[in-house]
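Reader: I would like a close look at one part, please: the shell around the ligand. Do carry on from there to how the helices pack.

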Amino acid sequence: MVNFKIADEKLAEKGKEALYIAESKMPVTAKVIRERFEKEKPLKGIIIAGCLHVTKETGNLARTLKAGGAEVYLCGSNPLSTQDDVAAALITEGINVFAWHGNTDEEFYWCIRQCLDAKPNILIDDGADMIVTAHQEYAELINSGVIIACQEETTTGVKRFKAMDKQGFLKVPLFPVNDARCKNQFDNELGTGQGIVSAIYGMHVLFAGKNVIVAGFGHCSSGMALRARGLGANVIVTEVDPIKALQAKFAGYQVMPIVNALPIADIILTATGCKHVIPPTKEMFDMLKEGVILGNLGHFDIEIPTKQLYEYAKQIKPIRSNVEELTFPDGKKVYLLAKGRLANLVLSEGHPSEVMDMSFALQSLMSEYIVKNKKSLKKGIIEIPTEIDDQVGYLKLESMGIKIDKLTDEQYNYIHGYLEGT
Ligand SMILES: NC(=O)c1ccc[n+]([C@@H]2O[C@H](COP(=O)([O-])OP(=O)(O)OC[C@H]3O[C@@H](n4cnc5c(N)ncnc54)[C@H](O)[C@@H]3O)[C@@H](O)[C@H]2O)c1
């Protein structure tokens, strides 16, 4: 029996098409690993709960985990990113889904609890909400060892678990999948970079000649800066880290504090993982230019101060799907994407399947690793084994028909030794 609460079961056929498109672009997760999992069943008897963006790519991860023998539960990791057609298709394949686009905060946590009620052995989170809820409300699953280990998909989640670990509150073995090279160097940089362009495309604005402010110069934000510049924008970067700020400057961008950037910005994009990147005051809001577009790609809806903007606006008018026009008391209009939530996921289906292939290959192989090593895992943060990161890299290259060189023994010894000098 499949358990679910979704928007509309009738959307299943459309969802199957979406899953099919993603599958053809995910040769590592949806073919190589899935075919091996089907034969070997490394996840037999294991229940996996994923709190993830319920997209066509996540659907393919769920299929691969199921092919490996797992019983899979899914809930959304953001109230606005669920693709309802994909959710409908997945339940026809026996994947348990509790997710629908536009759920309230209360419903969001209800969906998480439905997944935890299934007594999962592995949790795959995106943003820490499910694993934190497990610590707060399902301690018996942790204390009894039902939960063997957890995996975290995004930077914000990893930062939270590092803070929990430091303060002694993290009670499970936690694998920060986000920090693997095959994840953040492609998913965060390429995915988010390309995603914002397609998110903003719905506004039909030209990037060329615009002042685009990119807050942050980390993995996601540097990708966004690169794509915006590629489209001809004058990119201005704001940072709080001196080294990242220097990197941005030497990459050819203007760098300045956000307060100086606000009055000249045509488009402001945030992806920092920090709150109130635009300071939440009337004075700051009044500095904004008429018609400025505000888009956040960081995990939570607090980088652009959405709540305070809504309070300040005298009128909020939806002008198209997931775009709102906010009119300020002086009549100025600004445009907010996706209610300040991950604009690339809400407006344009998230990252291209090709990059999610690597992220979800890592998640699949890490689930297998957890089961194989369950007896020796200790609570706390455990780095992703380099062999698994490399394995995903090799599989992806192979799927693209690319071969690379291999170190000879002599070369290996040279770069790992110190005796050979001038
Ligand atoms: N939209 C997506 O699809 C997607 C994908 C991956 C990650 N994320 C999320 O994006 C956010 C950033 O992730 P990342 O991997 O790029 O992190 P990162 O740590 O690589 O980069 C964040 C950068 O922001 C800078 N920063 C922090 N506070 C700032 C502030 N107030 N003003 C200006 N700069 C500031 C930091 O110094 C850092 O350089 C996280 O919330 C992450 O979870 C979103």
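Author: Happily! Sorted by class, the shell around the ligand holds ten nonpolar, 19 polar and three charged residues. Here Ala, Val, Leu, Ile, Met, Phe, Trp, Tyr, Cys and Pro count as nonpolar, Asp, Glu, Lys and Arg as charged, and the others, Gly among them, as polar. Please keep in mind that this is a predicted model, in which local features need pLDDT of at least 70 and side-chain atom pairs count only at pLDDT 80 or more, while totals for chains, interfaces and linings use all residues. Residue numbers start from 1 along each chain as its sequence is written.

In total, 32 residues surround the ligand, and Gly216, Gly218, Cys220, Gly273 and Cys274 are the closest. Two or more residues of the shell come from each of helix H8 (155–166), helix H9 (181–201), helix H10 (219–230) and helix H15 (343–348). A residue is near the ligand when its C-beta atom, placed from the backbone, lies within 6 Å of it. Helices are DSSP runs (H or I, at least four residues) numbered from the N terminus. H9 gives the largest share of the shell, four residues.

Now for the domains. The assignment, which is automatic or taken from a database, gives domain 1 (4–183 + 351–399) and domain 2 (206–298 + 301–340). Their C-alpha centres lie 31 Å apart, and each of the two domains contributes at least three residues to the shell around the ligand.

H9 and H10, both contributors to that shell, also pack on one another. Their axes (lines fitted to C-alpha atoms over the stretch in contact) come within 7 Å and cross at roughly 45°, on a scale where angles run from 0 to 180 degrees between N-to-C directions. The two helices are therefore oblique to each other; angles under 35 degrees count as roughly parallel, over 145 as roughly antiparallel, 65 to 115 as roughly perpendicular and the rest as oblique. Their crossing is right-handed, meaning that the near helix is turned clockwise from the far one by less than a right angle. On the H9 side the contact includes Asn184, Asn188 and Glu189, and on the H10 side His219, Cys220 and Arg227 are among the partners. Residues are in contact if their C-beta atoms, placed from the backbone, lie within 7 Å. By class, this contact has six nonpolar, eight polar and two charged residues.

Another pair makes a nice companion. Helix H2 (residues 27–40) and helix H3 (residues 56–67) have axes 8 Å apart at an angle of about 20°, and they are therefore roughly parallel. Their crossing is left-handed. Thr29, Ala30, Ile33, Arg34, Phe37 and Glu38 of H2 meet Asn60, Leu61, Arg63, Thr64 and Ala67 of H3, a set of five nonpolar, three polar and three charged residues.

H3 packs on helix H4 (residues 84–92) too, with axes 9 Å apart and an angle of about 15°. That makes H3 roughly parallel to H4, and the crossing is right-handed. In this contact, Lys56, Gly59 and Ala62 of H3 meet Val86, Ala89 and Leu90 of H4.

Definitions and conventions: Two residues are in contact if their C-beta atoms, placed from the backbone, lie within 7 Å.
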